[in-house]
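Student: I would like to go through this structure and ask how its labels are justified. Where do we start?

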Amino acid sequence: MGLFDRDYMRPGYRNEIFSTRPVWVLIFINVIIEIMGAPVNWGLFSIPQYFRPYQLLTAGFVHADFGHIFFNMYGLYLFGSIVARRMPEVRFYLLYFAGVLAGNVLYLAVNFGRMGCLVGASGAVCAMMMAAAMLEPERRFVMIFAPMSPMKMSTLVICYAALEMFLEIFSARGSIAHLAHLGGFLGGYLYLKILFGGALAWDPFRRDPGKTVNFSGFKEPPPPPRGGGNTRVSPAELDALLDKISRDGINSLTPEEYNRLRQAREEMRGEK
């Protein structure tokens, strides 16, 4: 298969748009609710007389202000787009609800009886972040003002979860519900473990890296064989690398795969 025979090089190719559709659906719903204004009783009240069970889910679609919804929706787009391409739509929506529910339940369990009202999709965003890390732990992100940038997805989750724990324990009680974030991480983790067990690329509680899956229930094919030394890159290996880029993005390549791709480019230019 040549480069221009690939789907993503053909005019009108829209697979990426359709694969991330559930992300845009959730963003649209959240924005519409923000514009129209959600009922006050959609927020999660920790005071017994105002608490209603449905608030555990509705609070995940209510936001305090523009900045709140902007950063939550940006996080949903950033991490949800990674997961949506590998997970059926229904399961993707259930992951969102799992993050919202787990975050709100943990917050309510600790704060029930105290004055407070929790709103926001932060628990769902943290669930998406955990799912993205369990699926693509080697994907790297450039973090502004971060000394370890670019940072692996798995490292980002560990650092962020550790920061949330520290702030929950040592910071003064403020407007940010760190427990809801931690609950979202837990909800995302448990949801993927229930669905896929040990067949995941990364598990923060397991040393064995496990096997990668494509969230449709089928194991991904093994990586192409890599030659050592000055072995030339075969057309089959190059095809496999380009397929991976089209499916998961160039950031999904391991350092060895990136070097092989660079070698193939040099060979095509006649530099090797």
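Tutor: This is a predicted model. Its chain has 10 helices and four strands, and 42% of the 272 residues count as buried.

Student: Why is Met36 called exposed?

Tutor: Met36 has a relative accessible area of 68%. Exposed means over 50%, so Met36 is exposed. Met36 sits in helix α2 (residues 21-36) and belongs to a nonpolar surface patch of about 650 Å², together with Val25, Phe28, Ile29, Val31, Ile32 and Ile35.

Student: How many aromatic pairs are there?

Tutor: The count comes to 12 aromatic pairs. One of them joins Phe51 and Phe112, at 6.0 Å centre to centre with 85° between the planes.

Student: What makes Phe51 and Phe112 an edge-to-face pair?

Tutor: Centres must lie within 6.5 Å, and planes over 60 degrees apart count as edge-to-face. With 6.0 Å and 85°, Phe51 and Phe112 satisfy both conditions, so the pair is edge-to-face. Phe51 is in the loop between β1 (44-45) and α3 (55-58), and Phe112 in the loop between α5 (89-111) and β2 (117-118), so the pair ties together parts 61 residues apart in sequence.

Student: Why does Phe51 count as buried, and why is Phe112 called partly exposed?

Tutor: Buried means under 20%. Phe51 has 19% relative accessibility, so Phe51 is buried. Phe112 has 42%, which falls between the cut-offs of 20% and 50%, so Phe112 is partly exposed.

Student: How do you know that Tyr160 and Phe185 are edge-to-face?

Tutor: Their ring centres are 5.9 Å apart and their planes are at 70°, so the pair is edge-to-face. Tyr160 lies in helix α7 (residues 153-170) and Phe185 in helix α8 (residues 178-196).

Key:
Residues are numbered from 1 along each chain as its sequence is written. This is a predicted model: local features need pLDDT of at least 70, side-chain atom pairs count only at pLDDT 80 or more; totals for chains, interfaces and linings use all residues. Side-chain values use heavy atoms; hydrogens and water are left out. Patches are made of residues with over 30% relative accessible area and no salt bridge: like charges are joined within 9 Å, nonpolar side chains (Val, Leu, Ile, Met, Phe, Trp, Tyr) within 5 Å. Accessible areas come from the Shrake-Rupley method with a 1.4 Å probe; for residues, only the protein chains shown count as cover. A salt bridge is a side-chain nitrogen of Lys or Arg within 4 Å of a carboxyl oxygen of Asp or Glu. Helices (H or I, at least four residues) and strands (E, at least two) are DSSP runs, numbered from the N terminus. Buried means under 20% relative accessible area, exposed over 50%, partly exposed in between (1.4 Å probe, protein chains only). Rings of Phe, Tyr and Trp (its six-membered ring) pair if their centres lie within 6.5 Å; planes under 30 degrees apart count as stacked, over 60 as edge-to-face and the rest as tilted.
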